[in-house]
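Welcome, and thank you for taking a look at this structure. Let us walk through it together, one part at a time.

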Amino acid sequence: MTKTVLVTFASQTEATAEVAEFIGKTLEEQGMIVTVKAVDQVTDLNRYQALVIGSGVKMDKTYREAQEFLKRSRQSLLQKQFAAFITCGSLSKDTAENRDKAQKYANQLAEAASARPLSQGLFAGRMDMSRAKGLIGLLMRKSASKAEDWRDWDSIRGWAVDLAQQLN
Ligand SMILES: Cc1cc2nc3c(=O)[nH]c(=O)nc-3n(C[C@H](O)[C@H](O)[C@H](O)COP(=O)(O)O)c2cc1C
């Protein structure tokens, strides 16, 4: 039977949002029925058989809206397949120490969900301070700082294809 999957995300500067869209497209190519939505737009989890959630990271924490969404969804997650991914700056350099950090970020989502993920995607993100909200963004938009995009689309695609097999 065709799987219905919700790919949801918490994103402050759109880096994770774009990764979520890309994962959604890849899962669709693998034959799933996919909806991609920000966590604050999700109203009903019942119609999905699987949930994939992504978050960016700020000051060593995945975003609060992702954590709160997972905490309030714990009960419905008991009935679903679950996977999580993060995008972060630390993985701009792929060292053992940074992978360890990224794993801890992803674990924050699993802990909030109180569920064991089928798979955890640890991805380098994009640092674009000029898109940041609040004072940091305002200051950075005035400066000439350039965005750095470390997202490795092949590796993200590989993760999503692998996940599709596990969901099946
Ligand atoms: C203010 C700020 C703080 C950040 N703190 C961290 C951090 O503690 N660890 C990390 O690995 N990446 C950190 N990052 C990098 C972001 O997690 C990364 O750029 C991510 O892809 C952003 O995702 P988003 O655009 O979906 O919010 C930080 C970025 C900003 C702008």
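A good place to begin is Glu14, which sits in the loop between S1 and H1. Please keep in mind throughout that this is a predicted model. Glu14 is partly exposed because 15 other C-beta atoms lie within 10 Å, a count between the limits for exposed and buried. The backbone here deserves a second look: the phi of Glu14 is near 80°, a positive value in a residue other than glycine. Why is that worth pointing out? Most residues other than glycine have a negative phi.

Asp60 offers another case, with a positive phi of about 70° although it is not a glycine. You will find Asp60 in the loop between S4 and strand S5, which spans 61-62. Is Asp60 buried or exposed? It counts as exposed, because it has 11 C-beta neighbours inside 10 Å, and 12 or fewer is the limit for that class.

Now let us turn to the sheet. Five strands form an open sheet in the order S2-S1-S3-S6-S7, and their pairing is parallel. At the edges are strand S2 (33-38) and strand S7 (120-124), each of which pairs on one side only. From one strand to the next, the twist averages 15°. Helix H1, made of residues 15-29, packs on this sheet and touches strand S1 (4-10), S2, strand S3 (50-55), S6 and S7. The direction of H1 makes about 170° with that of S1. Another helix, H4 (residues 96-113), lies across S3, S6 and S7 and runs at about 140° to S6.

Next, follow the strands across the sheet. S1 and S3 are parallel and pair over six bridges, with Leu6 standing opposite Leu51 in S3. On the way to S6, six bridges join S3 to that strand, again in the parallel sense. Leu51 has a bridge partner in S6 as well, namely Phe82. Strand S6 (residues 81-88) is in turn joined to S7 by five bridges, and these two strands run parallel. There, Ile86 stands opposite Leu122 in S7.

How many of the residues of S3 are buried? The answer is six of its six residues, so S3 is mostly covered. Ala50, Val52 and Gly54 point one way from the strand, while Leu51, Ile53 and Ser55 point the other way, and all are buried.

What about the nonpolar core? The largest one holds 46 residues, and Val5 and Ile86 touch the most other members. Not counting residues up to four places away in sequence, Ile86 touches Gly54, Ser55, Val57, Thr62, Ala102, Tyr105, Ala106, Leu122 and Phe123. Leu122 in this list is the residue that stands opposite Ile86 in S7.

The ligand is our next stop. It is surrounded by 22 residues, and the closest are Ser11, Thr16, Gly56, Gly89 and Gly125. The elements that give two or more residues to this shell are H1, strand S4 (57-58), S6 and strand S8 (126-127). Which element gives the most? That is H1, with three residues. By type, the shell around the ligand divides into nine nonpolar, nine polar and four charged residues.

Gly125, one of the residues closest to the ligand, rewards a closer look. It is found in the loop between S7 and S8. Gly125 is buried because 25 other C-beta atoms lie within 10 Å, and the class begins at 20. Leaving aside neighbours within four places in sequence, Gly125 is in contact with Ala15, Thr16, Gly56, Thr87, Cys88, Gly89, Trp150 and Arg151. Among these contacts, Thr16, Gly56 and Gly89 are also named with the residues closest to the ligand. From C-alpha to C-alpha, Gly125 and Val36 are 18 Å apart in space, and 89 residues separate them in sequence.

Our walk ends at Ser155, which lies in helix H6 (residues 153-167). Ser155 counts as partly exposed because it has 13 C-beta neighbours inside 10 Å. Where does this residue stand relative to Phe123? Ser155 and Phe123 are 32 residues apart in sequence and 8.2 Å apart in space, C-alpha to C-alpha. Phe123 is a residue you have met already, as one of those that Ile86 touches.

Definitions and conventions
Residues numbered from 1 in each chain as written. Predicted model: local features only at pLDDT ≥ 70, side-chain atom pairs only at ≥ 80, totals over all residues. Pairing = 2+ DSSP bridges. Helix = DSSP H or I, 4+ residues; strand = E, 2+ residues; numbered from the N terminus. Axes fitted to C-alpha atoms, helices over the stretch in contact; angles between N-to-C directions. Contact = placed C-beta atoms within 7 Å. Near = placed C-beta within 6 Å. Nonpolar A, V, L, I, M, F, W, Y, C, P; charged D, E, K, R; others polar. Core = buried A, V, L, I, M, F, W, Y, C linked by C-beta atoms within 7 Å.
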